[in-house]
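Please look over the sequence and the 3D structure shown here. A short report follows.

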Number of protein chains: 2
Amino acid sequence: MIRNSVDRALRDRAEAVIPNGMYGHQAVGLLPDDYPQFFSRAEGARLWDADGNELIDFMCAYGPNLFGYGNPQINAAFVRQMEEGDTLTGPTARIVEMAEAMVAMVSHADWAIFCKNGTDATAMAAVVARAHTRRKTIVRAKGAYHGWAPLFTSRRAGITPEDQAHQIICDYNDVASLEAAVAQAGEDLAGVFAAPVKHDAFIDQAPPDPAYANRARALCDEAGALLVVDDVRAGLRIARDCSWSTVGVEPDLSTWGKCIANGHPISALLGSNKARTAAGKIFATGSYWFQSAPLAAGVATMQLVRDTDYLERIETLGQRLRDGLAERASAAGFGLRQTGPVTMPLFLFEDDPDLRKGFCWSSAMLERGVYVHPWHNMFLCAAMTEADIDQTLDAAEGSFKALKAAQPLAPVEKMAFLTA
Amino acid sequence: MIRNSVDRALRDRAEAVIPNGMYGHQAVGLLPDDYPQFFSRAEGARLWDADGNELIDFMCAYGPNLFGYGNPQINAAFVRQMEEGDTLTGPTARIVEMAEAMVAMVSHADWAIFCKNGTDATAMAAVVARAHTRRKTIVRAKGAYHGWAPLFTSRRAGITPEDQAHQIICDYNDVASLEAAVAQAGEDLAGVFAAPVKHDAFIDQAPPDPAYANRARALCDEAGALLVVDDVRAGLRIARDCSWSTVGVEPDLSTWGKCIANGHPISALLGSNKARTAAGKIFATGSYWFQSAPLAAGVATMQLVRDTDYLERIETLGQRLRDGLAERASAAGFGLRQTGPVTMPLFLFEDDPDLRKGFCWSSAMLERGVYVHPWHNMFLCAAMTEADIDQTLDAAEGSFKALKAAQPLAPVEKMAFLTA
């Protein structure tokens, strides 16, 4: 067992002053019981939990860490700007520079609006699509996460039917289903939302079918509706452009966040000239949307995106991890399904509907100093090295052995909903 | 005329890559034409625009600047934590410390949820109220700003009627109107939202009528609904507690933001135990909600709130400003209505329905090195000194003279909507 006394003490304190002790996507309620809730320190690709256990972190803060925790170049740009002026009575030149950098990088984009949360960007995209078309209906794929806003959430508590009115759900990568949804929308189609890849939790990931992406583009064009690619999670780990550039499709709007300033808080809605007038008609704002230090960090991040081979490196590392894991899983007699882009992998064991194997193996990885997620896609970062991957593969070999020794496993009670 | 060539050049660049050249509450479209859009530097109570013009800043970033731009103690806490770990795969102890600090400070609060935008907090408050009651209807006052979310926005572009379903609008401080709205909600009342003071744009501000606040509390109790005070804008400038503590009323939920980390990006939803279960049932999250450096800055800010006389000082400075302005306006023969808490003043000239006097006087203030707002409440900060106020009063005297010399003024075309 890894040390956890500091974590347990913090959980007790948190329980008193935070509902359920934590909330949101970083609450560990649906992770193995030995996973730490609290952390203390990070550097590069390494993370230390509150008890000082050192971990190679394959979550990368659920995406934001692209160039390494505490990246010196990006943080220096941040601090320099913070000392000059951060949250002010108006923006500085940094907002213009960041807009210019993103517009230069993303083929479809002619303009940018910066905000704080990915949810800000997706919620604005819906409003812009409706403003542009003066229609209401949004088509999106079942199971795709587009933020927590009442418009899009899959939770029911406190959400009214009207919050989710004027939406039609289709199946991702299923052209017939998309066509049926668009036909159902009829004259009222405002926009089609799409994840750049299928990166839903709990299930195998899938790349976009080019036929699906192209059909979405064509259907939007026919209807005069806007195509929105939600690149908040996958952006910059698939392309130095909107992720659907890999299948030759340009959306009208794309949403960005997480890693565009390497963990400093910015998200963005990018759009083409077609949508510019509508974007100028909506009102959206936030107290910190114009703060300049995160924008300076974003400009520095864009420089690294443009000027380094970070993408090729994380692809090579991801392939090394995928190949090495496949070999070790197979040698140990386990079927391990590795899906998603190699830079955003998800691991699921064969014959593991309630994730009992996944939980056991992930716990064994944690004990061996590697933080993997049993049901959410992971993220690689450019601070990872071949040595990190090889250390991960060694840990995996030991963890497959531990999993074998642990058979038969008891069900994971809290995951029973998966098979209910 | 103040120098503006750098600002104009930045506006041209921004026009190309940002819809309308800027967006949100910091776009200067509805400010006098000579107001700068872009800034370069800030320190304490001073702000420099992009052209290097030095200004005493009475907007304080629209609220976030409470303890002075670049406050060394708060920024040191921020940087120390940023170097340890900021946006990670989970929170650090800082989130617990900040929750403990706010719960200790705010009488009604038993728990906290931290987020990024004020709008996050108000949107969550609506979902929590609906989850708690399993009802839908929200009562709120006409003209009050509770964020840009489709649920609450007053803009129409891209907003559907369903986005604003299940809401009844009453008049602030009007008990009969509130009672009628609650009666209309009947069995379906989920919550009553209230601004802590009437701080709507373009009109005279007003303190809460204690009868109104107490009636809101009683009506919520009778209906089993939640009372929500939206303290995002006014929090910490009226009390070291929820602002309605000044009229003896405790809400079930309160929303916070802007200055709780002195401009570092955090907002918060605070709640009483009554609402804890419902708060634990909703799902709301964001990529940067758990980042630790802003939370460390928040903890440092809470220390200054608790341990210094900042509130008494800004109240004294605000009174000095109000008294001095009244005297100078009257000596110059102008009727100047000064409303709002002295720490959050709004100035409107008598007989100035289209703000032509306000615009002229504000421009004259800007030319004299003082940034005031002609139609939005302003904010004082603890970095201001008596000398700053006296310099402001000298500028005001000169500006009243300039206004007198400018009579009769031409209408401000872009403000014609005020009298349409």
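The report covers the pair of chains, one sheet, one helix and one loop residue.

This is a predicted model: local features need pLDDT of at least 70, side-chain atom pairs count only at pLDDT 80 or more, and totals for chains, interfaces and linings use all residues. Residues are numbered from 1 along each chain as its sequence is written, while chains are lettered from A and ligands numbered from 1 in the order in which they are written.

**The two chains**

A turn of 180° and a shift of 0.0 Å along the axis lay chain A on chain B with an RMSD of 0.0 Å. The fit is by least squares on the C-alpha atoms of residues with pLDDT of at least 70 in both copies. The two copies are thus related as by a two-fold rotation axis. The same surface serves both: 100% of the contact residues of chain A recur in chain B. Contact means C-beta atoms, placed from the backbone, within 7 Å. In chain A, A:Glu162 comes closest to the rotation axis, at 2.6 Å (C-alpha).

**A sheet in chain B**

Helices (H or I, at least four residues) and strands (E, at least two) are DSSP runs, numbered from the N terminus. Two strands pair if DSSP finds at least two bridges between them. Chain B has an open sheet of four strands in the order S1-S2-S3-S13, with mixed pairing. Its edge strands, each paired on one side only, are listed here.

| Edge strand | Residues |
|---|---|
| S1 (chain B) | 39–43 |
| S13 (chain B) | 370–371 |

Strands S2 (46–49) and S3 (54–57) of chain B run antiparallel, joined by three bridges. B:Leu47 stands opposite B:Leu55 in S3(B).

**Helix H11 in chain A**

A residue is buried if 20 or more other C-beta atoms, placed from the backbone, lie within 10 Å of its own, exposed if 12 or fewer, and partly exposed in between. The buried residues of H11(A) include A:Ile389, A:Phe400 and A:Leu403. Seen down the helix axis, the buried residues of H11(A) fall within an arc of 155°, so they line one face. That arc is taken from the directions from the axis to the C-beta atoms. The face turned away carries the exposed A:Glu386, A:Ala387 and A:Ala405. The buried residues pack against strands S3 and S13 and helices H9 and H10 of chain A.

**A loop residue**

A:Ala27 is found in the loop between helix H1 and strand S1 of chain A. Is A:Ala27 buried or exposed? A:Ala27 is buried, because 20 other C-beta atoms lie within 10 Å.

Note on methods:
Two residues are in contact if their C-beta atoms, placed from the backbone, lie within 7 Å.
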